[in-house]
Amino acid sequence: MVSLAITACSARSERSAGSSPGRSQQEPALSGDGRLLAVITEKLGRPTVQLRDLASGRLLPLPQLNRHQPHSSPSLSWNGRFLALITQRGQRRFAVINDRLTGRLHHLPLPGHRVPIRLSLAPDGRQLALQVADRGQWRIELFDLSRVLEPDRAAADRQTTSRTESAP
Amino acid sequence: MKTAAIALSVLLIGCRGPQPRPMPDLNGLLRQASNSHRDPSLGERWLASLSRKAGRETVELIDLRNRRPVSLPGLNRADAQPIDVSVSADGQRLAVIEQRDGRTELLLYRRSVGTVQRLLLDPPGVPRAVSLDGSGRLLAVQVSRDGRWQVDLIRLP
């Protein structure tokens with residue numbers, strides 16, 4: 001399943017482990033620790049986020065994200081506890097953050113005329129950068145999430161977060 | 001009646017819980033710095049993005065602590081059009097997809113040495129989107145091959 005090849009300057013490449021041949025995969029996002037990969041893939045014809053443990057190739061469940069497709073622009077925190085992405089309800093697009101440890105889905109409120117396009121979650125989950133379309137311009141707006149999310153830090157300096165490999 | 005309305009308002013506000021807070025100083029800086037910013041990628045204290053100034057788009061890296069863009073010598077060639085960017089957690093490595101001379105290439109930029117390394121895709125394909133892990137030593141790239149989007153993983157020394 002995994003094809004290996006040597007690339008320029010000793011870089012080593014492989015196809016995403018456990019990926020389904022023939023199924024389109026877009027917008028990859030790695031967790032900070034490199035253990036998890038989120039992609040957007042087609043599910044019943046709808047762009048849907050998929051989360052995979054790279055070591056085992058196993059798909060991880062995302063029960064809070066079974067709806068509100070199309071999904072786009074996934075982004076993961078360091079250990080993958082938090083998965084941020086853009087969803088859609090009716091004609092409106094929303095930025096949401098799924099806490100895989102608690103199962104909560106946090107919505108990011110935006111003033112009416114801004115449309116979220118892409119996002120990036122900081123490795124520790126304490127900030128979010130959101131690209132919005134605002135009156136014909138692309139802008140990036142930064143949000144402080146320190147009152148909303150617990151930090152999701154690397155093992156060496158982690159204080160409050162436990163591993164979320166199989167949660168929930 | 002008025003007291004009841006105030007009490008209800010307080011209760012409703014209390015139920016909303018903590019909310020994400022816009023960061024007006026940084027957002028103001030981003031607004032002033034260029035006409036447009038897109039494709040954000042956050043590191044621990046770094047924001048990489050594609051910034052458009054005077055009609056030209058370049059890769060920009062901002063140190064969020066001192067709120068200043070960082071110099072990226074050798075990266076933004078005048079004849080290149082960047083397509084996507086991703087930054088490692090420590091801001092030392094940038095993965096960039098750019099178009100130049102009709103080719104779309106995947107690059108790794110190391111700030112410490114100021115070098116640009118072209119990463120070959122095997123089998124060949126056209127890269128579109130990229131993500132680095134926190135260490136900057138694992139890269140996931142969306143590649144078009146035979147009319148289909150695939151994701152390759154590339155381990156970097």
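# A walk across the A–B contact

Start by selecting S36(B): across from S36(B), in β3(B), stands R52(B). Keep in mind that you are looking at a predicted model, in which local features need pLDDT of at least 70, side-chain atom pairs count only at pLDDT 80 or more, and totals for chains, interfaces and linings use all residues. To find your way, know that residues are numbered from 1 along each chain as its sequence is written, that chains are lettered from A and ligands numbered from 1 in the order in which they are written, and that side-chain values use heavy atoms, with hydrogens and water left out.

**Stop 1: the sheet around S36(B)**

Now colour β2(B) and β3(B), which pair in the antiparallel sense over five bridges. (Two strands pair if DSSP finds at least two bridges between them; helices, H or I with at least four residues, and strands, E with at least two, are DSSP runs numbered from the N terminus.) Strands of a sheet pair through backbone hydrogen bonds, either parallel or antiparallel. Add β4 and β5 of chain B and you have an open antiparallel sheet of four strands, ordered β2-β3-β4-β5. Its edge strands, each pairing on one side only, are β2 and β5 (68–69) of chain B.

While you're there, click D39(B), which sits in strand β2 of chain B. What is the sign of phi in D39(B)? Phi is positive, near 50°, and D39(B) is a residue other than glycine.

**Stop 2: a sheet shared by two chains**

Next, select β13 of chain A (residues 137–144) and β1(B): they pair in the antiparallel sense over two bridges. Which residue of β1(B) is the bridge partner of F143(A)? Click P22(B) to see the partner of F143(A); for D144(A), the bridge partner in β1(B) is R21(B).

Zoom out to follow the order β11(A)-β12(A)-β13(A)-β1(B), an open sheet of four strands with antiparallel pairing. At its edges are β11 (115–121) of chain A and β1 of chain B, each pairing on one side only.

Then show α2(B), which lies across β13 of chain A together with β1 of chain B and runs at about 160° to β13(A). (Axes are lines fitted to C-alpha atoms, for helices over the stretch in contact, and angles run from 0 to 180 degrees between N-to-C directions.)

**Stop 3: the whole interface**

Select everything in contact, meaning heavy atoms within 4.5 Å: 53 residues from chain B and 56 residues from chain A. Together the two chains bury about 4,500 Å², 59% of it on carbon and sulfur atoms. (Buried area is the accessible area, with a 1.4 Å probe, that two parts lose on being put together, summed over both.) R21(B), L42(B) and L153(B) supply 16% of the area that chain B buries against chain A, more than any other three residues.

How many salt bridges cross the interface of chain B and chain A? The rule, a side-chain nitrogen of Lys or Arg within 4 Å of a carboxyl oxygen of Asp or Glu, finds four. One to click is D144(A) with R21(B), whose closest N and O atoms are 2.7 Å apart.

**Stop 4: two cis peptide bonds**

Finish with Q69(A) and P70(A), joined by a cis peptide bond with omega near 5°. P70(A) is in the loop between β6 (59–60) and β7 (72–76) of chain A. Then hop to D122(B) and P123(B), where the peptide bond is also cis, with omega about 0°; look for P123(B) in the loop between β9 and β10 of chain B.
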